[in-house]
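Reader: Before I use these labels, I would like to see each one set against its criterion. Please take the terms in turn.

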Amino acid sequence: MFFNHNHLNYSLMFAGILLAITVMFSSCSKEDNATENTDVPASYDSLRPIGFGEKTTGGNNQNISVVSTAAQLAEAVKGTSPATVYVQGNITLDKMLPVGSNKSIIGLPGATISNLNLNENAGIFLLDGSNNVIIRNLTLLGPGAYDIDANYSDNISLIGAKNVWVDHCDIQDGIDGNFDIVEGSDSICVSWTRFRYLLEPFSGGSGGNDDHRNSNLIGNSNNTADLDEGRLNCTFICCWWGEGCSERCPRVRFGNVHVVNCLYDGNDYKYCVGYGVYSNIYVENCAFTSNTARENALIDYRGDKDFNIKVVGCLGVDDIELSQGDRGQFIPTYGYSAINSDIVASVLRNGDSGAGPTLDIKP
């Protein structure tokens, strides 16, 4: 807010200052120290990882390169040396791409990465034991949901990965899922990212599910407490689970998961948020705008026990707290700001500044 001191009296100035302070503390405000080189798209966008992923720095603007082929991308993201990799144009992979540590992978406007294999070579980014990785402003395209029971064939798969920030991406049509976080992965922030399925699901896969449009799985087994206990801590802020998503938006085991200012407006949900064994979920100021989303917002997946889930301030769903077992409800204590749920849909759907690859990034 700007003031013309020659025309405003002190009372108006004081009122303006109060209004500015109110706006600052009621929204995800712009930060001056953006992590990467970006043009700020919206006053609600912090342009930095929030919550559990807040320590992620990625390549930290070191060893900058621009890539436009699969071979160049694979070379640029391997190893542990810091690297900031800008993706230009449309890259097609023929197998999943391992990503090392201390990397930023950033799409220039219009950049896409796809893998259209309907077999065990599907998937895009594999972060297996990786640490400190940023993935931003990319459209990631899979071949369509097909339950072939393939391990780690999602558009993004985190396996024991730590300190990861996925921001302003559009993640579509993953064969096994769009983005799974498993096997002790921890300290994850997913912000301003859109998840959807635009292709019809394929039936007849070996896994037996003819509609496997299952977007985000956090924890892939009830029997992995040795890996997952105390981990799988994730923040999803200003994300959009929309068209075609059937379930797992997200579905959680073990982790403390904060789902804040997210949008559910699709018509295909079997459920939106699934709470499983030892999950501890805080759903805050989200917008469930379609009838299907409102009717299928939550599910106790397969009757799992020992969970906590709290829903507060959401549009379309009443506040509720459900608990089994003797663990207390997780409530976020890190620094963040939440916008009101009644403007979530308009903010996230904004084609110039909302969820998805809407950043005007320059290398």
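Reader: How do you know that the structure holds zero disulfides?

Author: A search of the whole structure finds zero disulfides, where a disulfide is a pair of cysteine sulfur atoms within 2.5 Å. Cys272 is in no disulfide, and its nearest cysteine sulfur, that of Cys249, is 5.9 Å away. Set against the limit of 2.5 Å, that pair is therefore not a disulfide.

Author: This is a predicted model, in which local features need pLDDT of at least 70 and side-chain atom pairs count only at pLDDT 80 or more, while totals for chains, interfaces and linings use all residues. Residues are numbered from 1 along each chain as its sequence is written, and side-chain values use heavy atoms, with hydrogens and water left out.

Reader: Why is Cys272 called buried?

Author: The word buried means under 20% relative accessible area, exposed means over 50%, and partly exposed is in between, with a 1.4 Å probe and protein chains only. Cys272 has a relative accessible area of 0%, so it is buried. Cys238 is also given 0% and is buried.

Reader: Why is Arg248 called buried?

Author: Its relative accessibility is 14%, so Arg248 counts as buried. Arg248 lies in the loop between strand 18 and strand 19.

Reader: What makes phi of Arg248 worth listing?

Author: Phi of Arg248 is positive, about 60°, although the residue is not a glycine. Most residues other than glycine have a negative phi, and most peptide bonds are trans. Pro250 is found in the loop between strand 18 (240-241) and strand 19 (251-252), and the peptide bond joining Cys249 and Pro250 is cis, with omega about -10°.

Reader: Why is Tyr152 called partly exposed?

Author: Its relative accessible area is 25%, so Tyr152 falls in the partly exposed class. Tyr152 sits in the loop between strand 9 (139-141) and strand 10 (156-159). Its phi is near 55°, a positive value in a residue other than glycine.

Reader: Why is Asn63 called exposed?

Author: Asn63 has a relative accessible area of 53%, so it is exposed. Asn63 lies in the loop between helix 1 (10-25) and strand 1. Its C-alpha atom and that of Val85, 22 residues apart along the chain, are separated by 8.1 Å.

Reader: What makes two strands a pair in the sheet, such as strand 26 and strand 27?

Author: Helices (H or I, at least four residues) and strands (E, at least two) are DSSP runs, numbered from the N terminus. Two strands pair if DSSP finds at least two bridges between them. Strand 26 (residues 307-312) and strand 27 have five bridges and pair in the antiparallel sense, so the criterion of at least two is met. Lys310 has Glu321 in strand 27 as its bridge partner, and Asn308 is partnered by Ser323 in strand 27.

Author: Strand 23 (residues 280-284) and strand 26 run parallel and are joined by five bridges. There, Asn280 has Asn308 in strand 26 as its bridge partner. Five of the six residues of strand 26 are buried, so this strand is largely enclosed by the rest of the structure.

Reader: Why is one side of strand 1 and of strand 27 left without a neighbour in the sheet?

Author: The open sheet is formed by 11 strands in the order 1-2-5-8-11-14-17-20-23-26-27, with mixed pairing. Strand 1 (64-67) and strand 27 (320-324) stand at the edges, each with a single partner strand, so one side of each has no neighbour in the sheet.

Reader: What makes a space a cavity or a pocket?

Author: On a 1 Å grid over the protein atoms alone, a cavity is a set of points where a 1.4 Å probe fits but cannot get out, whereas a pocket is an open set with protein on both sides within 12 Å along at least five of seven lines. Lining residues have an atom within 4 Å of a point. Grid points are joined across faces, edges and corners, and a volume is the space filled by probe spheres set on the points.

Author: The structure holds one cavity of 30 Å³ or more. The largest cavity has a volume of about 50 Å³. It is lined by 12 residues, with Asp45, Ser46, Arg48, Ile50 and Trp192 nearest its centre. The largest pocket has a volume of about 400 Å³.
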